[in-house]
Amino acid sequence: MSELDLRLSTATAQDTGSYRLLELPPELCQIIESVSEKTASLFIKGHPTEDAVLCTLEKTYAVRSVVLSNTVLVVTPSRSDPDGTVHIRDQLHEILELVPVVPKLHKLSILLRDMEYDEGDEDKQVGQHAVCTGHIATVPKYSYEQARSEIQASEAEFARGLKERRILVLEGQLRPIAPAHLSTILELLLNYLISLSLSHQAAPIEELVSVLADEHEIPRAVSKQVMSWFGDVKEGLWKMDVDAVIRELGVGILRHHRHNPISENEFLKKWKNVVGDTFECSVKLSLLSGDYLRNLSSIGEEATLTYFPSSALPVDPAARFVELFLTRQRWKHEEIQHFLLDIAVNSKERDKLLLKHARALTDTEGVWYTARVSYNN
């Protein structure tokens, strides 16, 4: 093994530097080292008040500092003696590691407040002055590109987040669609599939878009995006995701029962009536997991349902569990897991959260979870 002289650099400031070592997980190494991945891109995202994240095209990683027990020296070969002497340029006492995290898409609901798109908004110009009840009002705006650069999420996660949160992109601006208006559009689509004798597995997009525009003044850009949220669009045809449409219509009904529970049988009757005879066989409560609570006041009484969306719960895991256990003192495993999907990157991380914040109990009915600490209602 060759020997080198190690010296502290006495050169000018241009030869010194500040360094950070970043430890890459295997999947990132493959992206960077892959010969075929010529367009691989990594982005650091975060406001000065936020913890930075690193985003690939598909995933988001938290950037965490790990203190080292030994000092790491950053050295470079000497210019005068490159084969025998190296100069110390920096001393490092920590490295940065990357840990997969859930994208921080919850900020969208805050940033897009008061920008909801509803029926009758077709004539309003986003970001421009509009006359409203005799006064001049300004409709706020938040562009797609601005959100794309500010939201801590990968490209794929950001696109999926817009779809799952039902956020339209109209003339480059983001507009969350009003839930009631979305339900109306979906009901119309189901009705026209039947009345026009169209297959829900291969419905002509242009025909559906045209009839919604001509008969109900729904902009083509809106109806096309709604159809893309609830199925596959390919070669001018729409293959409807039946479960997704049925679920959204069910949530639309349940949304009115956050504070006044509805009987399960009455709810199912209303749900089936909305989706129609053709699709009523697809109605099942499991589609609404993570959006409702099923309540039984006493043995023999009819079950009632309450709207309880996981999207309205705190994103911080500790606060999420406090809210869950204040709502119910104990949860079945198959129930509570649906309220943790959006704060855990995978089932392994979800199980870690349960282990940290809850206590598991097993009886004849299965596994139950209770709080590790006592919460006062």
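Which residues have the most contacts inside the largest nonpolar core? They are W238 and W271, and the core they belong to has 47 residues. Keep in mind as you look around that this is a predicted model.

**The cores**

Several elements feed the largest core with at least two residues each: the helices α5 (179-195), α6 (205-216), α7 (220-229), α8 (242-254) and α9 (264-275), together with the strands β9 (167-170), β13 (237-240) and β16 (304-307). As background, nonpolar side chains in soluble globular proteins tend to be buried together. There is also a second core, separate from the largest one, with 17 residues. Among its members are L293, L313, W331 and Y369.

**Two helices that meet**

Let's turn to α5 and α6, both of which supply residues to the largest core. A packed pair of helices is described by the angle between the axes and the distance between them. Here the angle is about 115°, and the axes of α5 and α6 lie 11 Å apart. That angle makes α5 roughly perpendicular to α6, and the crossing of α5 past α6 is right-handed. On the α5 side, the contact is made by L188, L189, Y192 and L193. From α6 come L208, V211, L212, E215 and H216.

**Strands and their partners**

How are the strands ordered in the open sheet of 3 strands? The order is β11-β13-β12, with antiparallel pairing. The edges belong to β11 (203-204) and β12 (231-234); each has a single partner strand, so one side of each is left without a neighbour in the sheet. Beyond its place in this sheet, β13 is also one of the strands that supply the largest core.

Three antiparallel pairs can be set side by side, each with one facing pair of residues.

| Strand pair | Bridges | Facing residues |
|---|---|---|
| β12 and β13 | 4 bridges | G231 and M240 |
| β18 and β19 | 6 bridges | A358 and A371 |
| β9 and β10 | 4 bridges | I167 and P176 |

Two of these pairs are worth a second look as hairpins. Strands β18 (residues 358-363) and β19 (residues 366-371) run antiparallel, and the hairpin they form has 2 residues between them. The hairpin of β9 and β10 likewise has 2 residues between its strands, and E171 there takes a positive phi near 55°. Its strand β10 covers residues 173-176, while β9 is another of the elements that supply at least two residues of the largest core.

Conventions. Residues are numbered from 1 along each chain as its sequence is written. This is a predicted model: local features need pLDDT of at least 70, side-chain atom pairs count only at pLDDT 80 or more; totals for chains, interfaces and linings use all residues. Side-chain values use heavy atoms; hydrogens and water are left out. A nonpolar core is a set of buried Ala, Val, Leu, Ile, Met, Phe, Trp, Tyr and Cys residues joined through side-chain atoms within 4.5 Å. Buried means under 20% relative accessible area, exposed over 50%, partly exposed in between (1.4 Å probe, protein chains only). Two strands pair if DSSP finds at least two bridges between them. Axes are lines fitted to C-alpha atoms, for helices over the stretch in contact, and angles run from 0 to 180 degrees between N-to-C directions. Angles under 35 degrees count as roughly parallel, over 145 as roughly antiparallel, 65 to 115 as roughly perpendicular and the rest as oblique. A crossing is left-handed if the near helix is turned anticlockwise from the far one by less than a right angle, and right-handed if clockwise. Contact means heavy atoms within 4.5 Å.
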